[in-house]
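Student: Please take me through this structure term by term. I'd like to see how each label is earned.

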Amino acid sequence: MKKNVYLFGAGKAEGRATDKNLLGGKGANLAEMNRIGLPVPAGFTITADYCNRWNELGTEKAIEELKPEVEKGISHIEEIMGAKFGDRENPLLVSVRSGARVSMPGMMDTVLNLGLNEDTVAGLAKKSGNERFAWDSYRRFIQMYGDVVMGMKPESKEDEDPFEVIIDKIKKEKGVELDTELTTDDLQKLVARFKKAVKEVTGNEFPTDPWEQLWGAIGAVFGSWNNSRAIYYRKMNGIPHHWGTAVNVQSMVYGNMGENSATGVAFTRDSATGENIFNGEYLVNAQGEDVVAGIRTPQEITLEGSRRWAKLQNISEEERKEKYPSLEEVMPEVYKQLFDIQKKLEEHYKDMQDLEFTIQEGRLWLLQTRNGKRTSAAEVRIAMELLEEGKIDEKTAITRVNANRLDELLHPEFDKSALEEATIISKGLPASPGAATGRIVFFADDAETWKAKGEKVVLVRIETSPEDLSGMDAAEGILTARGGMTSHAAVVARGMGKCCVSGAGGIRVNYKERKMVAEGKEYKEGDWISLNGTTGEVYEGKVETIEPKMSGNFGKLMNLCDKYTRMNVRTNADTPKDAKVARDFGASGIGLCRTEHMFFEGDRIKAVREMILADDEKGRRKALDKLLPMQRGDFEGIFEAMDGLPVTVRLLDPPLHEFVPQDEKSQADMAKELGVSPEEVFNKVESLHEVNPMLGHRGCRLGNTYPEITEMQARAIIEAALNCKKRGIKALPEIMVPLIGTKEELKMQEEIIRSTAEKVFEERNDTVDYMVGTMIEIPRAALTADEIAKTAEFFSFGTNDLTQMTFGYSRDDVGKFLPIYLEKNLLEHDPFQVLDQTGVGQLVEIGTQKGRSTRPELKVGICGEHGGEPSSVKFCHRVGMNYVSCSPFRVPVARLAAAQAAIEENK
Ligand code: PEP
Ligand code: MG
């Protein structure tokens, strides 16, 4: 029989850290912490595999199947903790928590204090000697269980939680403001009213039998794997839906048993910057959820952190000491124990840990450890510093960094001089670094709709909750008035790599009127603000940004990558400026220079339009003569920026209608400028019209029908290279023919290119080396690559067109159905972003193999959008490509992915 429940406690465990797939991250690490002798409350984990089975079998059958194992689990906890489930004298209370393979913070459900009823609450009161605490735990339990298991949590943001309404009412009756001011009597009343509300809303009595409670909670946690938040989170992070969550049932320990109890969250290193400094937050006399919920202001664990925090919040040392002392000051002994444990955990896991702890009446308990979520900057710094400290080796350091997130490090930063001029309107905590500028919105769904309209927004909330996830995703940055460095907003923003300032206490948010007040001034929805997530500063208006640089640990990581990588990384660039940016990021050449992008400015577009309007070759040549010097100049600039590195220049590709205006007024303007009648322009535009322009008169079809275009372009390239040579610049042109489907198409273009080059060499009495190759972007070209390689000296896979033509999805129209396809899981990814290895990938493999069967030294690369997407880059490595080419800002991403591919291959 399959084992579904794994026990842990008292220094022993059935699972271990490597069992994450089975026990979820939380369960595996709870087991591991037991194994290494840390104080962990006893418990058991129901496997993640059982999540699917639970949903398949249905509640009743699943309970029947699981019952023996779960009963054994409870006895195991009872034995170790010396208490009994449901016992009126000495009751055992448990928590029931989710825990998937990878952490999905706050997305799924949790139930605490389970096992309480009218009998056991008395037992708890007696045992703890604290009646108020017992009743407070009971009312919290009903509230949580009611929300999570019995479905009382309101669906929409407009509706209030019925339990909160009752609490507010009782507080009003009593004339008090804080929950903590409610007496035992009040709490007892509250419990009665809560139960009544449960009956009214759900029609069912609140369950009193602890076993019924337990099964309800287990089912709800399994069920929460499929709530909409969790589904959204999985989509955003590419987590498969079939993994499921495990369920952890664990003995409760209490951080809210008085002034010598506390609860907190800690990191072994700074999760925002990566600095090697122990840090975290705690609250005295509180339960775990209070720290993350951002309702009370949490205090820093270390004295140093506490002082730093006070400075940011403009709080004097006296006030800090009195109101917000660190754990180091308040409970020095426990602090020391915690400090040693965090060191031990990092040594053991060899990575930055994020841990949760509870101090119950002076005794420390660990409730969780996991590899801490961190910003991409912190990820790089931590990997490189662990390497320097000798804790991990080079290959591990490289694979520790998530290539998908690396471009976060390449986001713009605020321009220093612009910052000096800007007005600071508030200061909060530097929860997640970066620069963000946008218009204020107060609700997550507004953030989404505004973004869809093309607006940049900053989401401003009192605090965020898991419901706000998609809005946070849509926003440029997040600002909260409450909450610390481990508040929901802060943790989630760091995970997303999104700029966030949390706990900006000087801001008053008014949701009803959709405005906020800072420094006495009002800011309404739609007003611009800027956030500096690195310093915690909030600015009025738009602050200018500048492009970032690759330095420090990032630079070191990139150099390390080059040691292991086999593929080169080139860039797609059509201006000297972009070429330079890419070169600074380590590009080793240009893999695609789209020449048409040079045709759009000033005089050029005029000459291009003249060429298009011309009736015959003579007319076209006249216009092309005007274009020649401009193109030559462009190429010279690019060759210069790429001095010594290869530059692949692609001949004209798009259909000609893209160069002429489509509306009547612009057509009239064009006619005026060119000195022809509006009808002439109109008729020409009409004649260029195609039903399927993407499959129409474009690519080499242009160069083969109008050879003079290819002639002009080939001449411009060769002359530019010769001019460079004269100036001591080494140009290495690779001339690339687009969109061929047959060997004859390429052959014809090659002949034009080579004869033009010969002519130029003769005229100039000088030569340069150059290559002629082709794009492989039509399935037929891939399938006949052996023939094509007789002519082509290199191949570059144009996976944008190749994807279009393999799927039969128009690149220009896919937006109509793709989102729905993704929603319905008809496709796992957008195939224009992530290379479809199963289908399109086959053509890439066939093309590469066939090409090299004719020409073994054939240089093969990719220049479609996929060249900068990590999983596609890894595929290109496996196929044996020589290089990938991507946009300048993706170059570091591709370099990292290429190195990772090489390391993974050798494993
Ligand atoms: C391609 O098709 O992949 C390609 C790089 O060319 P373009 O996107 O310009 O059609
Ligand atoms: Mg193409």
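Tutor: Happily! Two strands pair if DSSP finds at least two bridges between them; strands (E, at least two residues) and helices (H or I, at least four) are DSSP runs, numbered from the N terminus. This is a predicted model, in which local features need pLDDT of at least 70 and side-chain atom pairs pLDDT 80 or more, while totals for chains, interfaces and linings use all residues. Residues are numbered from 1 along each chain as its sequence is written, chains are lettered from A and ligands numbered from 1 in the order in which they are written, and side-chain values use heavy atoms, without hydrogens or water.

Student: What makes strand E1 (residues 5-9) and E2 a pair?

Tutor: E1 and E2 share 2 bridges in the antiparallel sense, and the rule asks for at least two, so they qualify. One of the matched residues is Gly9, whose bridge partner in E2 is Lys12.

Student: Why are E2 and E7 called edge strands?

Tutor: Look at the sheet order first: 6 strands run E2-E1-E3-E8-E6-E7 in an open sheet with antiparallel pairing. Strand E2 (12-13) and strand E7 (110-114) each have a single partner strand, so one side of each is left without a neighbour in the sheet.

Student: Which strands stand at the edges of the sheet E11-E10-E9-E12-E13?

Tutor: That one is an open sheet of 5 strands, also with antiparallel pairing. Its edges are strand E11 (299-300) and strand E13 (363-371); each has one partner strand, so each keeps a side without a neighbour.

Student: How do you know that E11 is paired with strand E10 (residues 279-284)?

Tutor: The two are joined by 2 antiparallel bridges, so the requirement of at least two is met. Glu281 stands opposite Glu300 in E11. Further along, strand E9 (residues 262-267) and E12 pair over 6 bridges, with Thr263 opposite Thr358 in E12. E12 and E13 pair over 8 bridges, and Gln353 has Asn371 as its bridge partner in E13.

Student: What makes strand E12 (residues 353-360) "mostly covered"?

Tutor: The count does: 6 of its 8 residues are buried. Buried means under 20% relative accessible area, exposed over 50%, and partly exposed in between (1.4 Å probe, protein chains only). In the hairpin of E12 and E13, with 2 residues between the strands, Glu361 takes a positive phi near 40°.

Student: Is Lys195 buried or exposed?

Tutor: Lys195, in helix H7 (residues 184-202), has a relative accessible area of 19%, so it counts as buried.

Student: Why is Arg514 called partly exposed, and what makes Glu519 exposed?

Tutor: Arg514 comes in at 32%, so it sits in the partly exposed range. Glu519 has 67%, so it counts as exposed. Arg514 lies in the loop between strand E21 (507-510) and strand E22 (515-518), and Glu519 in the loop between E22 and strand E23 (521-524). Phi is positive and near 50° for Arg514 and likewise for Glu519.

Student: On to the ligands. How do you know that ligand 1 has a polar contact with Arg594?

Tutor: An oxygen atom of ligand 1 is 2.8 Å from an N or O atom in the Arg594 side chain. A polar contact is a pair of N or O atoms within 3.5 Å, so this pair passes. Backbone atoms also take part: a polar one of Gly798 at 3.3 Å, and an N or O atom of Asp801 at 2.9 Å. The protein covers 96% of the 280 Å² of accessible area that ligand 1 has on its own.

Student: How do the residues of the shell around ligand 1 divide?

Tutor: They divide into 3 nonpolar, 4 polar and 7 charged. Helix H32 gives the largest share of the shell, 3 residues.

Student: What makes Glu777 and Asp801 donors to the magnesium ion (ligand 2)?

Tutor: Glu777 (OE) and Asp801 (OD) coordinate the magnesium ion at 2.0 to 2.1 Å. Donors are N, O and S atoms within 2.8 Å of the metal (3.2 Å for Na, K and Ca), so both qualify; water is not among the atoms, and the site may look incomplete. Glu777 lies in the loop between strand E31 (771-776) and helix H30 (779-783) and Asp801 in helix H32, so the pair ties together parts that are 24 residues apart in sequence. Both Glu777 and Asp801 are buried.

Terms used:
Polar contact = N/O pair within 3.5 Å; in protein donor to acceptor, adjacent residues only side chain to side chain. Areas by Shrake-Rupley, 256 points an atom, 1.4 Å probe, with all protein chains shown as cover. Nonpolar A, V, L, I, M, F, W, Y, C, P; charged D, E, K, R; others polar.
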